[in-house]
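User: I'm new to this one and would like a walk through it. Could you take me from the overall layout down to the details?

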Amino acid sequence: MMNVRGVAGLTALFFLFFSTMSFAQISITDAWARATFPMANSGAVYLTLSNKSNSELVLESVATEASIARAAQIHTTLMSEGMMKMREMKKGLVIPAQGSVVLEPGAAHIMLVGLKVGLTEGQTVPLYLQFSNGQSSSVNVPVKPAEDRDMPAHHHH
């Protein structure tokens with residue numbers, strides 16, 4: 001038979017587990033990466049982040065395996081002097097309370113910098129995301145051919 005201290009300990013573990021695991025405040029959907037040519041130096045990942053909490057959250061950092069790319073960064077696309085330019089969002093990406101942010105071609109996206117090999121259709125890219133509330137998430141991102149999406153190709157920085 002379990003003593004009161006054991007029950008209290010298990011109860012605390014139960015609440016800790018369910019407060020951090022089951023009630024994740026961010027969901028990640030519609031993740032995909034655009035296939036690249038074999039010698040490409042960079043690639044792009046797109047997805048939707050939905051914040052189920054009552055507070056704004058920030059996607060602070062992203063990472064991938066060293067075998068995929070040298071780094072992963074959060075980028076935005078800006079129009080400058082008539083040209084589209086990509087810039088790293090060093091302060092992260094804000095996801096509004098009870099809202100969503102769509103990372104898509106021509107807008108905010110995740111840039112894989114220093115690809116080890118090109119991204120090929122059918123491959124999956126492991127992606128790790130860290131948020132301002134301490135939540136971390138991982139997702140296996142499927143690589144799809146560029147023509148699967150009705151968007152312009154990702155170009156120079």
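User: How many helices and strands does the chain have?

Analyst: This is a predicted model, and in it the secondary structure of the chain comes to one helix and 10 strands. Read along the sequence, the pattern is α-β-β-β-β-β-β-β-β-β-β.

User: What share of the residues is buried?

Analyst: Of the 157 residues of the chain, 38% count as buried. As for the outside, the accessible surface comes to about 9400 Å², and 57% of that belongs to carbon and sulfur atoms.

User: And which residues touch the most others in the largest nonpolar core?

Analyst: That core has 30 residues, and those touching the most other members are L49, L59, I110, L112, L127 and L129. Strand 9, which covers residues 124-131, gives the most to this core, with four residues.

User: Take L49, then. What does L49 touch?

Analyst: Leaving out residues up to four places away in sequence, L49 touches a list that runs from I26, S27 and I28 through L59, L93, I95, G99, S100, V101 and L103 to L129 and F131. Two of these partners, L59 and L129, also appear with L49 among the core residues that touch the most other members.

User: What share of the chain's contacts joins residues at least 24 apart?

Analyst: Counting contacts between residues at least 6 apart in sequence, 68% join residues at least 24 apart.

User: Switching to strand 8: why is it described as largely enclosed?

Analyst: Strand 8 spans residues 109-115, and because seven of its seven residues are buried, this strand is largely enclosed by the rest of the structure.

User: Which strands pair with strand 8?

Analyst: Strand 2 pairs with strand 8 in the antiparallel sense over four bridges, and strand 4, residues 69-80, pairs with strand 8 in the antiparallel sense over six bridges.

User: Where does I110 come into that?

Analyst: I110 in strand 8 stands opposite V45, and I110 is also the bridge partner of I74. I110 is again one of the residues that touch the most other members of the largest nonpolar core.

User: Last topic: how many aromatic pairs are there?

Analyst: The structure holds one aromatic pair. W32 and Y46 form that pair, which is tilted, with 4.7 Å centre to centre and 40° between the planes. Since W32 lies in strand 1 (residues 26-34) and Y46 in strand 2 (residues 42-51), the pair ties together parts that are 14 residues apart in sequence.

User: Are W32 and Y46 buried or exposed?

Analyst: Both W32 and Y46 are buried.

How values were computed: Residues are numbered from 1 along each chain as its sequence is written. This is a predicted model: local features need pLDDT of at least 70, side-chain atom pairs count only at pLDDT 80 or more; totals for chains, interfaces and linings use all residues. Side-chain values use heavy atoms; hydrogens and water are left out. A nonpolar core is a set of buried Ala, Val, Leu, Ile, Met, Phe, Trp, Tyr and Cys residues joined through side-chain atoms within 4.5 Å. Buried means under 20% relative accessible area, exposed over 50%, partly exposed in between (1.4 Å probe, protein chains only). Helices (H or I, at least four residues) and strands (E, at least two) are DSSP runs, numbered from the N terminus. Contact means heavy atoms within 4.5 Å. Rings of Phe, Tyr and Trp (its six-membered ring) pair if their centres lie within 6.5 Å; planes under 30 degrees apart count as stacked, over 60 as edge-to-face and the rest as tilted. Two strands pair if DSSP finds at least two bridges between them. Accessible areas come from the Shrake-Rupley method with a 1.4 Å probe; for residues, only the protein chains shown count as cover.
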